[in-house]
Amino acid sequence: MSDAGLETSDRVTEREVLLGLTTECLGRNIAYFYSTDSTNTQAARLAGGGAPEGTLVIAESQTAGRGRLGRKWESPPGVNLYFTLILRPEIPPANAPMITLAAGAALAKAVRALYNLPAAIKWPNDMLIEFKKCAGILTEMNAEASRIRHVLLGVGVDVNMTEDMFPEEIRDISTSIYIARGEKANRAELLRRFLSEMEALYDNIVSGEKEIVLDAWRSLSCTLGRRVTVKGLWGERTGTATDIDASGGLVIEDGGGKRETVISGDLFFD
Ligand code: BTN
């Protein structure tokens with residue numbers, strides 16, 4: 001596919017991303033694609049071939065972008081961010097959900113800092129702006145019982161999508177940085193800021209400081225303290241979301257003070 005339609009000033013090639021990148025590890029090695037099936041799928045291939053910790057796989061567009069629960073992720077060229085980080089943390093596999101929590105917090109922090117927008121996290125890992133979805137995270141892990149081979153942290157951010165670019169069925173519940181801000185955003189700058197916020201939280205995870213990451217997630221959440229319904233294949237629960245635990249589970253309390261932790265599903269605000 002040709003990339004002739006993109007303005008050179010707003011690509012997310014290796015050169016654009018590295019210019020001004022402050023991280024030590026994340027994003028230092030980059031695999032750039034104008035078009036690929038899915039950056040998570042590409043990253044799995046590269047990880048299998050030995051790609052180093054922190055490798056960033058990034059594409060201008062995806063032909064088979066994947067969301068959670070087998071959903072499709074809209075991935076038109078040149079307007080958004082679609083990327084996957086290959087991570088090889090030396091932590092127990094049970095702690096891997098911390099990486100997804102950290103990514104949600106890092107993204108919300110980056111969007112708040114750069115654009116002064118009220119970005120917040122909806123459990124489990126959507127970034128919302130004014131209660132509309134602006135980004136999602138798809139984490140996939142390859143592990144043995146006691147050792148992680150690699151984690152693929154896939155992030156999709158709707159950066160410069162206009163309203164008419166969203167499929168009609170999700171138009172009402174979706175937004176982009178551009179829609180929220182009224183001005184186009186520089187994708188490479190947002191990516192660099194995310195990588196630096198993410199590296200700090202990732203270092204906390206690897207050095208065993210889980211509480212720092214959980215506190216960051218809590219402070220950026222728009223989920224805690226609200227009445228919610230979580231629907232999963234296991235059924236559904238309604239109550240007040242009161243906390244997040246270290247395995248990424250959401251603690252829900254019903255009116256009678258009964259607490260339950262849900263670990264998967266779709267969350268709806270009541
Ligand atoms: C979700 O909210 O359902 C998660 C969406 C994750 C989308 C990103 S885009 C980059 C990476 N590659 C994929 O195929 N999916 C993730």
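Here are some questions and answers about ring pairs, charges over rings and nonpolar cores in this predicted model.

User: What class of aromatic pair do Phe 83 and Phe 194 form?
Analyst: Two aromatic pairs turn up here. For Phe 83 and Phe 194, the centres sit 5.5 Å apart and the planes make an angle of 55°. Stacked needs under 30 degrees and edge-to-face needs over 60, so the label for this pair is tilted.

User: How many residues apart in sequence are the parts that this Phe 83 and Phe 194 pair ties together?
Analyst: Phe 83 belongs to strand E3 (residues 81-87), while Phe 194 belongs to helix H6 (residues 187-206). Both Phe 83 and Phe 194 are buried. The pair links parts whose separation in sequence is 111 residues.

User: And Phe 131 with Phe 269: what class of pair is that?
Analyst: The ring centres of Phe 131 and Phe 269 are 5.3 Å apart, with 85° between the planes. Anything over 60 degrees falls in one class, so this pair is edge-to-face.

User: Is Phe 269 buried, partly exposed or exposed?
Analyst: Phe 269 lies in strand E12 (residues 266-269), and its partner Phe 131 is in the loop between strand E5 (126-129) and strand E6 (132-143). Phe 269 has a relative accessible area of 28%. Buried would need under 20% and exposed over 50%, so Phe 269 is partly exposed.

User: Which residue lies over the face of Phe 269?
Analyst: A charge counts as over a ring if its atom, CZ for Arg, is within 6 Å of the ring centre and within 35 degrees of the ring normal. At 5.9 Å from the ring centre of Phe 269, the residue is Arg 226.

User: Is Thr 39 buried or exposed?
Analyst: Thr 39 sits in helix H2 (residues 39-48). Its contacts include Val 57, Tyr 82 and Phe 83. With a relative accessible area of 3%, against a limit of under 20%, Thr 39 is buried.

User: Which helix gives the most to the largest nonpolar core?
Analyst: That core has 64 residues, and those with the most contacts inside it are Ile 177, Phe 194 and Met 198. The top contributor gives 12 residues, and that is helix H3 (residues 97-115).

User: Where does this core lie relative to domain 1 and domain 2?
Analyst: Domain 1 covers 3-219 and domain 2 covers 227-269. Both give residues to the core, so its place is between them.

User: How many residues are in the other core, the one with Ala 31 and Val 57?
Analyst: This core lies apart from the largest one. Among its members are Ala 31, Ala 51, Val 57 and Ile 86, and its residue count is 7.

Conventions. Residues are numbered from 1 along each chain as its sequence is written. This is a predicted model: local features need pLDDT of at least 70, side-chain atom pairs count only at pLDDT 80 or more; totals for chains, interfaces and linings use all residues. Side-chain values use heavy atoms; hydrogens and water are left out. Rings of Phe, Tyr and Trp (its six-membered ring) pair if their centres lie within 6.5 Å; planes under 30 degrees apart count as stacked, over 60 as edge-to-face and the rest as tilted. Helices (H or I, at least four residues) and strands (E, at least two) are DSSP runs, numbered from the N terminus. Buried means under 20% relative accessible area, exposed over 50%, partly exposed in between (1.4 Å probe, protein chains only). Contact means heavy atoms within 4.5 Å. A nonpolar core is a set of buried Ala, Val, Leu, Ile, Met, Phe, Trp, Tyr and Cys residues joined through side-chain atoms within 4.5 Å. Domain bounds come from an automatic or database domain assignment. Lists of a residue's contacts leave out its neighbours within four places in sequence.
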